[in-house]
Amino acid sequence: MFVHPDEDTRTDGGFQGERAVLTGYLRDQRLTLELKCAGLDAEALARRSVEPSNLSLLGLVRHLAGVEQYWFRQVMAGQTIRRHYRSEENPAGEFTRAVADPALVADAWATWRAEVAFAEQLVADAAGLDVTGETGHDDEQMELREVLVHMVEEYARHNGHADFLRERIDGRVGQ
């Protein structure tokens, strides 16, 4: 176990209403990512899974910062943004450039936390879960509720990856 159940800040359900359910489960998934990375130094966070994969915990933090940025800033808020960590020349930059540098790790966490804070504020301020954003694909609209479901799915998938990565680093499993 990463934390004693009495010290676990995740709620494990019990939410009332659609907005509370979606934001509550997303919050718990975000907290799970932090737990999977807790107590690791830059070298451990940047450690790759197995060749030829470039997957690392640090890469996942950087990737999820970009996912938060895309769905909440670009799609839902309609902002024109320069994507974090990736470019046309390096579309997987969040993973390929995730190296064992303490400054890079600090930047990744700060970026992720800023994107999460933006997303939480956007959702809190939204008039309803039926507000829509432009996906940028053939004028396709997406409701906020679908974005929230997608984000829960995105974190759940990557937290599964994080579980295996953490076990490979120091043998810790669970939660």
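**Pocket, helix and backbone in a predicted model**

Reader: What makes up the lining of the largest pocket?

Author: Asp 8, Arg 10, Asp 12, Tyr 25, Asp 28, Gln 29, Thr 32 and Asn 159 line the largest pocket, where a lining residue has an atom within 4 Å of a point, and a pocket is an open set of points on a 1 Å grid over the protein atoms alone, where a 1.4 Å probe fits, with protein on both sides within 12 Å along at least five of seven lines. This is a predicted model in which local features need pLDDT of at least 70, side-chain atom pairs count only at pLDDT 80 or more, and totals for chains, interfaces and linings use all residues. Residues are numbered from 1 along each chain as its sequence is written, and side-chain values use heavy atoms, with hydrogens and water left out.

Reader: How do you know that the length of helix 6 agrees with its number of residues?

Author: Helix 6 (a DSSP run of H or I, at least four residues, numbered from the N terminus) has 27 residues, 144–170, and at 1.5 Å a residue should span 39 Å, so the 38 Å between its end C-alpha atoms agrees; the expected span is 1.5 Å times one less than the number of residues. Gly 171, with a positive phi near 85°, follows helix 6.

Reader: Why is Tyr 85 called buried or exposed?

Author: Tyr 85 has 16% relative accessibility and therefore counts as buried, since buried means under 20% relative accessible area (1.4 Å probe, protein chains only). Tyr 85 lies in the loop between helix 3 and helix 4 (93–96), and its phi is positive, near 70°.

Definitions and conventions:
Helix = DSSP H or I, 4+ residues; strand = E, 2+ residues; numbered from the N terminus. Buried < 20%, exposed > 50% of the residue type's maximum accessible area, 1.4 Å probe, protein only.
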